[in-house]
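Please look through the model with the points below beside you. They go from the nonpolar interior to the aromatic rings and then to the pocket.

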Amino acid sequence: MKIAVTGATGHLGSKVIEHLNKEKKDLDIVALVHNKNHAHSLIEKGYEIREIDFQNKNSLIKAFAGIDTLVYVASKTYSVFDRVRELENVLSALEKKQVKNLVAMSFIADQENNPFVMSPFYGYLPRRLAGTDLNYAIAKNSLYADPLVPYLPELIERKGLIYPVGTQEMSFITLEDSAEAMAKMAVSEKYLKSRKSYLLTQARSYTMPELGEVMTKVTGHKIGYHPVSVEEFGKIYAAEGDGAELASMYKGGAMGYLRGLSDAFAHITGHEPESMEHFLARNYQEN
């Protein structure tokens, strides 16, 4: 079986490749990247590297030659139109090269009245796939826990979380766990033929005071909850380039749209997801 993974040099795609290797040693894995110059580690490990441009359908058609299953990790963009065009190019190339199986990355914030700027795409994805003849499974990730680790020093300084979600809970999953589930989907006929979405979350969700308590225990520093407004949150992180977009996501969180829970991860992998406390404790190092 020849499996191709997009975003192979990224945080999620690279971990998917690692877990595919753990699943079956005889898999023929193709790493799809935007620039081979950023794929030195993959080249050194002996992977076949193919360059793609999501906005260039011909590059995708060329890259999908001989592929049985595609693991589609979407590009990082906050342009709904660019992401939809990207998806349409992927689907057109899959059809052209007669690739029958797809594992697609999605996100929990797909509700029809969710104000998150990318919600339209995540709502479009499953509906669009339902109209194809593909075998597919959609990995609908909750919030990634990983960015919380480098965020901890700032939270310690602030003495509290500032997410504008009020009393609502939020659900999380680690990149490692998401990648493991996606890899298992990609090698499982059962999941590929299910044509379903699978919400990937930890075993529990958290209100912000509850998350602060976990962080306090892990770091030894008091981290409470001092929420700012959605508008203020966007301004605080505007310099990082995605303040307004993240603010729109947490605005949806305040409406309860980031709190879903599921045991799909355990069913797919055969074990429980890593807990928030264990993950933070394993990765946090005080300077």
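1. In this predicted model, Leu20 has contacts with Ile3, Val5, Leu27, Ile29, Ala183, Ala186 and Val187, leaving aside residues up to four places away in sequence. Find Leu20 before reading on, as it comes back in the next point.

2. Leu20 belongs to the largest nonpolar core, which has 104 residues. Leu20, Phe64, Tyr72, Leu102 and Tyr163 are the residues with the most contacts inside this core. Which helix gives the most to the core? Helix H7, residues 175-186, does, with seven residues. Two of the contacts of Leu20, Ala183 and Ala186, carry numbers that fall in the range of H7.

3. Turn now to the aromatic rings, which form 11 pairs in the structure. One of them joins Phe107 and Phe116. The ring centres are 6.0 Å apart and the planes meet at 70 degrees, an edge-to-face pair. Are these two residues buried or exposed? Phe107 has a relative accessibility of 10%, so it counts as buried. Phe116, at 6%, is buried too.

4. A second pair to check is Tyr163 with Tyr250. Why is the pair called tilted? The planes lie at 35 degrees, so the pair is tilted; the centres are 4.7 Å apart. This pair links distant parts of the chain, its members being 87 residues apart. Tyr163 sits in the loop between strand S8 (160-161) and strand S9 (172-173), whereas Tyr250 is in helix H11, residues 243-253. Because its relative accessible area is 7%, under the 20% limit, Tyr163 is buried. Tyr250 is buried as well, at 8%.

5. Tyr163 and Tyr250 are also members of one aromatic cluster, together with Tyr151, Phe233 and Tyr237. Tyr163 therefore appears twice in this note, since it is also listed among the core residues with the most contacts.

6. Another ring has a charge over it rather than a partner ring to discuss here: the charged end of Arg83 sits over the ring of Phe121, 5.0 Å from the ring centre.

7. Last, the largest pocket holds about 1,400 Å³ of space. How many residues line it? The lining has 46 residues, and Lys76, Tyr78, Tyr144, Pro147 and Asp242 lie nearest the centre. Elements giving two or more residues to the lining include helix H1 (11-23), strand S2 (28-33), strand S5 (101-107) and helix H6 (148-158). Helix H11, which holds Tyr250, is also among these elements.

Conventions: Residues numbered from 1 in each chain as written. Predicted model: local features only at pLDDT ≥ 70, side-chain atom pairs only at ≥ 80, totals over all residues. Heavy atoms only, no water. Core = buried A, V, L, I, M, F, W, Y, C linked by side-chain atoms within 4.5 Å. Buried < 20%, exposed > 50% of the residue type's maximum accessible area, 1.4 Å probe, protein only. Helix = DSSP H or I, 4+ residues; strand = E, 2+ residues; numbered from the N terminus. Contact = heavy atoms within 4.5 Å. Phe/Tyr/Trp six-rings, centres within 6.5 Å; stacked < 30°, edge-to-face > 60°. Lys NZ or Arg CZ within 6 Å of the ring centre and 35° of its normal. 1 Å grid on protein atoms, 1.4 Å probe; cavity = no way out; pocket = protein on both sides within 12 Å on 5 of 7 lines; lining within 4 Å. Points joined across faces, edges and corners; volume = space filled by probe spheres on them.
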